[in-house]
Amino acid sequence: MTRDKVGRPLGSLRVSVTDRCNLRCRYCMPEQEYVWLPKQSILTFEEITRLVGVFASLGVEKVRLTGGEPLLRHDLPALARMLAGVSGVRDLAMTTNGLLLAKQAEDLRRAGLGRVTVSLDTLRPARMRELARTDKHADVLAGIAGARAAGFPLKLNTVVMRGTNDDELVDLIEFGRAHDAEVRFIEYMDVGGATAWSAEQVFSQREILARLSAHYGAIEAVPTADVAAPAERFRLPDGATFGIVASTTAPFCRSCDRSRLTADGTWFLCLYAERGTDLRESLRSGASDVALKDLITSTWQGRVDRGAEERLAVRDRSPLYQVTALRADPHREMHTRGG
Ligand code: SAM
Ligand code: SF4
Ligand code: SF4
């Protein structure tokens with residue numbers, strides 16, 4: 001097994017299939033204009049599949065399709081089918097904003113996609129208009145229903161922001177319960193792209209638990225065997241479970257086995273990493289699988305990244321990057337790295 005400098009295995013890979021998005025979530029894409037990755041730099045399905053095959057041969061078992069919005073990539077079920085066929089990949093999942101999911105859920109399920117996570121920050125259409133600049137809240141709900149109808153195990157991701165949606169925690173838990181989907185509350189992170197971030201808006205794991213236990217009663221932690229799982233899971237007195245991803249106030253870098261491949265084939269070892277490794281260049285200049293394997297192995301073996309833990313030590317935190325730095329290199333954007 002390939003391990004990094006502090007012993008973390010290369011276990012899961014998030015594959016961004018496009019940097020484009022049909023939403024403008026305030027915590028991810030708050031600006032009016034963006035610099036996009038050049039079209040000719042975007043990996044083909046064959047190139048993605050080849051790279052995933054190399055990663056899988058090095059121990060990657062979990063692959064998650066993301067973006068931007070992954071469902072904007074033309075014929076995503078075809079890619080899902082190709083990746084489902086890669087030997088060693090035992091968990092193929094996708095994170096989506098759900099807008100286009102209703103139409104594609106059946107095809108994705110048939111193609112071999114295993115699980116879906118839909119981002120849902122609010123149950124209120126007017127609030128979504130404010131938060132993500134869209135009138136299509138109903139399409140997200142239709143996407144969630146479509147995914148359930150297609151038979152997908154489902155999770156819901158909610159970024160909790162103080163003063164924005166922290167009053168909906170109970171409603172979201174109840175929505176999840178009604179739709180057989182586990183909710184995961186995510187702390188607002190100061191990642192690249194989150195130019196409107198401020199420490200005051202972070203609604204912490206501790207506050208989330210306090211808010212929920214005031215409503216439901218005593219909450220207990222659910223032990224997990226998966227040490228690399230980003231979410232801590234909890235159980236309400238009535239048995240319902242939910243997760244919290246406390247990436248801002250209680251980061252879990254020490255057990256992080258995740259890396260990220262952007263749509264143009266740049267490989268990042270951490271959400272906060274300054275620089276990535278250009279795998280597209282190697283691919284397109286004819287590197288053999290063995291050469292790609294060597295490059296990936298040696299890069300991972302040098303990994304010391306623990307971005308969120310380092311951010312925790314920063315006094316008077318402000319957004320990681322200002323707009324000019326993001327425009328100079330769109331690889332710094334969360335919507336390019338895939339979250
Ligand atoms: N567009 C898809 C979606 O929204 O599900 C996939 C890509 S999105 C970048 C992946 C995840 O990152 C989403 O669940 C989103 O809520 C989360 N995310 C984006 N910006 C964030 C931030 N500043 N803090 C915490 N989570 C964030
Ligand atoms: Fe929102 Fe996801 Fe689009 Fe970012 S990439 S703006 S989180 S839908
Ligand atoms: Fe992993 Fe980096 Fe996130 Fe820490 S900040 S959990 S090392 S991706």
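User: Where does Asp180 sit in the chain?

Analyst: Asp180 is in the loop between helix H6 (169-178) and strand E6 (181-187). Keep in mind that this is a predicted model.

User: Why is Asp180 called exposed?

Analyst: Asp180 has 52% relative accessibility. Exposed means over 50%, so Asp180 gets that label.

User: And what is phi of Asp180?

Analyst: Phi of Asp180 is near 55°, a positive value in a residue other than glycine.

User: Why does Asp75 count as partly exposed?

Analyst: The relative accessibility of Asp75 is 41%. The middle class runs between the 20% and 50% cut-offs, so Asp75 counts as partly exposed. This residue belongs to the loop between strand E2 (62-66) and helix H2 (76-84). Phi of Asp75 is near 60°, again a positive value in a residue other than glycine.

User: How do you know that Arg73 is buried?

Analyst: By its number: Arg73 has a relative accessible area of 17%, and buried means under 20%, so the label holds. Arg73 lies in the loop between E2 and H2, and, leaving out residues up to four places away in sequence, Arg73 touches Val17, Ile42, Leu43, Thr44, Phe45 and Ile48. From C-alpha to C-alpha, Arg73 and Cys21 are 9.9 Å apart in space, with their positions 52 residues apart in sequence.

User: Arg280 is an arginine as well; why is Arg280 called buried?

Analyst: Its relative accessible area is 19%. The cut-off is under 20%, so Arg280 is buried. Arg280 lies in helix H8 (residues 279-284), and beyond its neighbours within four places in sequence, Arg280 is in contact with Ser41, Leu43, Asp264 and Gly265.

User: Let's turn to the rings. How many aromatic pairs are there?

Analyst: The count comes to 6 aromatic pairs. One of them joins Tyr34 and Trp36.

User: What makes the Tyr34 and Trp36 pair tilted?

Analyst: The centres are 5.9 Å apart, inside the 6.5 Å that makes a pair. The planes of Tyr34 and Trp36 meet at 45°, which is neither under 30 degrees nor over 60, so the pair is tilted. As for accessibility, Tyr34 counts as buried at 13%, while Trp36 counts as partly exposed at 25%.

User: Then why are Phe234 and Phe242 called stacked?

Analyst: The rings of Phe234 and Phe242 have their centres 5.6 Å apart and their planes at 25°. An angle under 30 degrees counts as stacked, so that is the name for this pair. Phe234 is buried at 6% relative accessibility, and Phe242 is buried at 0%.

User: Which residues do ring pairs link into a cluster?

Analyst: Phe55, Trp267 and Trp300. Trp267 also turns up in the largest nonpolar core: of the 97 residues there, Phe185 and Trp267 touch the most other members. Helix H1 (residues 45-57) gives the largest share of this core, 7 residues. The contacts of Trp267 away from its sequence neighbours include Leu10, Leu13, Phe55, Ser259, Ile296 and Trp300.

User: How do you know that Ser259 is buried?

Analyst: Ser259 has 0% relative accessibility, and buried takes anything under 20%, so Ser259 counts as buried. Ser259 is in strand E10, and among the residues that Ser259 touches are Leu10, Leu13, Trp267, Phe268 and Trp300. Ser259 and Arg337 lie 9.6 Å apart in space, C-alpha to C-alpha, and 78 residues apart in sequence.

User: What makes you say the charged end of Arg337 sits over the ring of Phe268?

Analyst: The charged end of Arg337 is 3.8 Å from the ring centre of Phe268. The rule asks for CZ of Arg within 6 Å of the centre and within 35 degrees of the ring normal, and this case is listed as sitting over the ring.

User: Which residues come nearest to ligand 3?

Analyst: Of the 13 residues around ligand 3, these are Cys253, Cys256, Cys270, Leu271 and Ala308. Strand E10 (258-261) and helix H10 (307-312) each supply at least two residues of that shell. The shell divides into 7 nonpolar, 1 polar and 5 charged residues.

User: And what surrounds ligand 2?

Analyst: Ligand 2 has Cys21, Leu23, Cys25, Tyr27, Cys28, Met29, Gly68 and Asn97 around it. By class this shell has 6 nonpolar, 2 polar and no charged residues.

Note on methods. Residues numbered from 1 in each chain as written. Chains lettered and ligands numbered in written order. Predicted model: local features only at pLDDT ≥ 70, side-chain atom pairs only at ≥ 80, totals over all residues. Heavy atoms only, no water. Buried < 20%, exposed > 50% of the residue type's maximum accessible area, 1.4 Å probe, protein only. Near = heavy atom within 4 Å. Helix = DSSP H or I, 4+ residues; strand = E, 2+ residues; numbered from the N terminus. Nonpolar A, V, L, I, M, F, W, Y, C, P; charged D, E, K, R; others polar. Core = buried A, V, L, I, M, F, W, Y, C linked by side-chain atoms within 4.5 Å. Contact = heavy atoms within 4.5 Å.
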